Amino acid sequence: MKDYTLTYWPLPFRGQFVRAVLAFGGASWDETSPDEVARMRAAPIADQPVPHMGPPLLHDHEADLWLAQLPAVLGYLGTRFELMPHDPARVALTYKAIGDANDVLDNITRMGGAQMWTRGEWETFMQDRLPRWLQIFEELGTRHGLTAGQGHLLGTGAPGLADLVTATLWGTMTEKLPALRLLLEVEAPTVAGLCERINAHPALVAMRADTDARFGDIYCGGHIEASIREMLA
């Protein structure tokens, strides 16, 4: 039996963060089918393994523990795999990076496709909000000694959860939406370098090869991805 089960759609979106941490931590996992993801999401709350509105979910088989909500899942795995910093301040900043990443995903998908992009709103996003998010990650890193060629987001001696979250966020986005790569390099050059170094880890290379083979070039899926790609065309 695998160590974990990940319940998430066949997409490299929020679930990709969980896959990255599991892969980096050397864990094994399987993934539920889309039909099972939908069934669990729609089940009466009393029948769900953990009360939740939507995936990702994680089942730790050894502990028989179910978790929902991306920050909770990542925080749990970060602790299990000793990827959390040792001081409370950097632990808090790790959760800040996770929260910021979640917000970026909500921003680019307009809260999961609650609205589609219009040309004017997209141009405002590209000129203001998305560059500002990049600058936030860049400033967090440079304040802790991150450079384009070395270092980690929070100044830790080894890659931590915050680095994996950052590399998964911006690395996946600019790989699947390559028109955004230049913006990353201009607004956050040290973060761009961090993404390259972290994502070159063999376990992460293998994980991405697997998800690329399974999911292709898809990013977030649905009508909202079509809307994003229309804006980038």
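These are my notebook entries on what I looked up in this structure, which is a predicted model.

**Entry 1, the sheet**

I began with the strands and found an open sheet of 4 strands in the order S2-S1-S3-S4, with mixed pairing. Strand S2 (29-31) and S4 each have a single partner strand and stand at the edges, so one side of each is left without a neighbour in the sheet. From one strand to the next, the twist averages 20°.

I then looked at strand S1 (residues 4-7), where both faces are covered: Tyr4 and Leu6 are buried on one side, and Thr5 and Thr7 are buried on the other. S1 pairs with S2 in the parallel sense over 3 bridges, and I noted that Tyr4 stands opposite Trp29 in S2.

**Entry 2, the hairpin and the loops beside it**

Next I followed strand S3 (residues 57-60) and strand S4 (residues 65-68), which run antiparallel and are joined by 4 bridges. I asked myself which residue of S4 is the bridge partner of Asp60, and found that Asp60 is partnered with Leu65. The hairpin of S3 and S4 has 4 residues between the strands, and in that hairpin Asp64 takes a positive phi near 50°.

Ahead of S3 I checked the loop that comes after helix H2 (34-42), and Pro56 lies in this loop between H2 and S3. The peptide bond from Pro55 to Pro56 is cis, with omega near 15°.

After S4 I checked Gln69, which is placed in the loop between S4 and helix H3 (70-80). Its phi is near 75°, a positive value in a residue other than glycine. Is Gln69 buried or exposed? The cut-off for exposed is over 50% relative accessible area, and Gln69 counts as exposed because its relative accessibility is 56%.

**Entry 3, helix H4 and its surroundings**

I compared the length of helix H4 (residues 88-108) with what its residue count predicts: at 1.5 Å a residue, its 21 residues should span 30 Å, and the end C-alpha atoms are 31 Å apart, which agrees. I also listed its buried residues, among them Thr94, Ala97, Ile98, Ala101, Val104, Leu105 and Ile108, together with Asp100 and Asp106. What covers the buried residues of H4 includes helix H1 (14-24), H3, H5, H6, H7 and helix H11 (222-232).

Just after H4, I found that Arg110 takes a positive phi of about 55°.

**Entry 4, the short helix H5**

I looked at two residues of H5. Met111 lies in helix H5 and has a positive phi of about 60° although it is not a glycine. With a relative accessibility of 59%, Met111 counts as exposed. Gly112 also lies in helix H5 (residues 110-113), and its relative accessibility of 60% means that it counts as exposed.

I asked how many residues apart in sequence Gly112 and Gly222 are, and how far apart in space. They are 110 residues apart in sequence, while their C-alpha atoms are 9.4 Å apart in space.

**Entry 5, helix H7**

For helix H7 (residues 161-176) I repeated the length check: its 16 residues, at 1.5 Å a residue, should span 22 Å, and the end C-alpha atoms are 22 Å apart, which agrees. Why do I describe H7 as largely enclosed by the rest of the structure? The reason is that 15 of its 16 residues are buried, and buried here means under 20% relative accessible area.

**Entry 6, the crossing of H6 and H9**

Last I turned to a pair of helices, and two packed helices are described by the angle between their axes and the distance between the axes. The axes of helix H6 (residues 119-143) and helix H9 (residues 189-199) cross at roughly 80° and come within 8 Å. That angle makes H6 roughly perpendicular to H9. On the H6 side the contact is made by Phe137, Glu138 and Thr142, and on the H9 side by Pro189, Thr190 and Val191. I sorted the residues of this contact of H6 with H9 by character, and they divide into 3 nonpolar, 2 polar and 1 charged.

Methods:
Residues are numbered from 1 along each chain as its sequence is written. This is a predicted model: local features need pLDDT of at least 70, side-chain atom pairs count only at pLDDT 80 or more; totals for chains, interfaces and linings use all residues. Side-chain values use heavy atoms; hydrogens and water are left out. Two strands pair if DSSP finds at least two bridges between them. Helices (H or I, at least four residues) and strands (E, at least two) are DSSP runs, numbered from the N terminus. Axes are lines fitted to C-alpha atoms, for helices over the stretch in contact, and angles run from 0 to 180 degrees between N-to-C directions. Angles under 35 degrees count as roughly parallel, over 145 as roughly antiparallel, 65 to 115 as roughly perpendicular and the rest as oblique. Contact means heavy atoms within 4.5 Å. Ala, Val, Leu, Ile, Met, Phe, Trp, Tyr, Cys and Pro count as nonpolar, Asp, Glu, Lys and Arg as charged, and the others, Gly among them, as polar. The expected span of a helix is 1.5 Å times one less than its number of residues. Buried means under 20% relative accessible area, exposed over 50%, partly exposed in between (1.4 Å probe, protein chains only).
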